[in-house]
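Here's a quick tour of one protein model, aimed at someone new to reading structures. Keep the 3D view open and click along as you go.

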Amino acid sequence: MRRIYHLRSQLMPYIYSSVHQCYTDMLPLNRGLYIEYPADQQSYQHPGEFLFGDLLLGAPVTAPGEGEQKIVRQEVWLPGDEEWYHFFNGQSYKGGQTVTVESDLNEFPLFIKGGYPLPMQPYTERMCSTPLTQLIVRCYPGREGADHSYTLYEDDGLTTGYEQGLCATTLLNYRKTDGRTLITIHPAEGSYDGQPQQRAYRIELPGVPAGSPVTVNGKRVKTTFDAALNALIVPVKTMSIRKAVNIQTNG
């Protein structure tokens with residue numbers, strides 16, 4: 001439970017942006033698959049699955065596990081022609097098929113669309129109101145030609161000032177062309193009380209090999225590799241939120 005609550009805190013930039021989408025577009029946070037894939041009859045046949053915002057798909061475990069690690073084997077239908085990635089182990093699956101996954105007590109079937117930027121943050125106890133001074137952007141590999149965006153939404157997390165326009169948005173974009181991956185963090189638009197004006201970034205690129213050359217705004221930078229995530233990590237120093245950040249790699 002502690003691990004999952006910490007994950008909730010880390011995902012709060014995505015969750016908060018998704019809840020704002022509920023407010024503006026009347027889309028539910030937890031969505032039956034048929035909302036996004038109404039033409040596919042399979043989307044009506046899996047009531048135990050749901051989309052959590054635009055990018056995540058969950059299939060909660062509801063059966064008892066077996067053995068010391070309480071392993072559960074579960075069938076999960078993955079929709080569309082997306083490339084889906086298991087959030088906990090990074091394994092990739094093509095959409096349009098039913099897959100069997102195993103889960104122990106530390107995880108559950110949670111999948112994310114490849115080729116989209118997922119906004120996250122370091123763990124914090126006050127997950128909604130702590131200033132977002134470091135933005136984590138995790139991008140699982142997209143297919144050649146992918147060009148997808150996600151909009152980070154922010155406000156003070158405490159008041160209803162957003163009703164008077166006191167809020168900010170930041171467009172995040174993922175592109176893959178000619179074997180190159182380009183992540184763009186566009187300048188923030190809008191303002192609110194307590195808004196951080198400077199921000200550092202941590203770009204997480206699962207599936208990109210260690211040592212792949214990376215540039216940030218045209219300059220070569222040093223990277224690290226996270227073996228647990230199987231991800232290349234690109235640190236971006238603190239800078240104005242009003243400036244664009246362009247990260248490019250040939251991985």
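Let's start with D156 and the company it keeps: apart from residues within four places in sequence, D156 is in contact with C128, S129, Y192 and D193. Bear in mind that this is a predicted model. From D156 we'll hop over to C128, then look at the salt bridges, and finish at the surface.

**D156, a charge without a salt bridge**

- You'll find D156 in the loop that runs between strand 11 (147-154) and strand 12 (167-177).
- Is D156 buried or exposed? D156 is buried, and yet it has no salt bridge.
- Which side chain of opposite charge is nearest to D156? That's R126, and it sits 13 Å away. A salt bridge needs the nitrogen and oxygen within 4 Å, so at 13 Å R126 doesn't pair up with D156.
- D156 does have polar company, though: its side chain makes a polar contact of 2.6 Å with the side chain of T159.
- A polar atom of the D156 side chain also lies 2.9 Å from the backbone nitrogen of L158.

**C128, on the other side of that contact**

- C128 belongs to a loop too, the one between strand 9 (117-120) and strand 10 (134-139).
- With a relative accessibility of 35%, C128 counts as partly exposed.
- If you skip residues up to four places away in sequence, C128 touches M12, Y16, D156 and G157.
- How far apart are C128 and G157 in space? Their C-alpha atoms are 5.4 Å apart, although the two residues are 29 apart in sequence.

**Salt bridges**

- How many salt bridges does the structure hold? There are 11, and here are some of them.
- E102 and R73 meet through their side chains, with 3.1 Å from N to O. E102 is in strand 7 (residues 97-103) and R73 is in strand 4 (residues 72-78), so this pair ties together parts that are 29 residues apart in sequence.
- In that pair, E102 is partly exposed at 45% relative accessible area, while R73 is exposed at 60%.
- E82 and K113 form another salt bridge, with their closest N and O atoms 3.9 Å apart. Because E82 lies in the loop between strand 4 and strand 5 (83-86) and K113 lies in strand 8 (residues 110-113), the pair links parts 31 residues apart in sequence.
- Both ends of this one are tucked away: E82 counts as buried at 17% relative accessibility, and K113 is buried at 10%.
- E83 and K94 also meet in a salt bridge, at 3.6 Å from N to O. E83 is in strand 5 and K94 is in strand 6 (residues 92-94), so the pair ties together parts 11 residues apart in sequence.
- Here the two ends differ: E83 counts as buried at 14% relative accessibility, whereas K94 is exposed at 51%.
- Elsewhere, R138, R202, E204 and D226 are joined into one network by salt bridges that share partners.

**A nonpolar patch on the surface**

- Which residues make the nonpolar surface patch of about 290 Å²? They are Y34, I35 and Y44.
- Y34 has its place in helix 3 (residues 33-36).
- A residue needs over 30% relative accessible area to join a patch, and Y34, partly exposed at 42%, clears that bar.

Key. Residues are numbered from 1 along each chain as its sequence is written. This is a predicted model: local features need pLDDT of at least 70, side-chain atom pairs count only at pLDDT 80 or more; totals for chains, interfaces and linings use all residues. Side-chain values use heavy atoms; hydrogens and water are left out. Helices (H or I, at least four residues) and strands (E, at least two) are DSSP runs, numbered from the N terminus. Buried means under 20% relative accessible area, exposed over 50%, partly exposed in between (1.4 Å probe, protein chains only). Lys and Arg count as positive and Asp and Glu as negative; His and the chain ends are not counted. A polar contact is a pair of N or O atoms within 3.5 Å; within protein, one must be able to donate a hydrogen and the other to accept it, and residues adjacent in sequence count only if both atoms are side-chain atoms. Contact means heavy atoms within 4.5 Å. Patches are made of residues with over 30% relative accessible area and no salt bridge: like charges are joined within 9 Å, nonpolar side chains (Val, Leu, Ile, Met, Phe, Trp, Tyr) within 5 Å. Accessible areas come from the Shrake-Rupley method with a 1.4 Å probe; for residues, only the protein chains shown count as cover.
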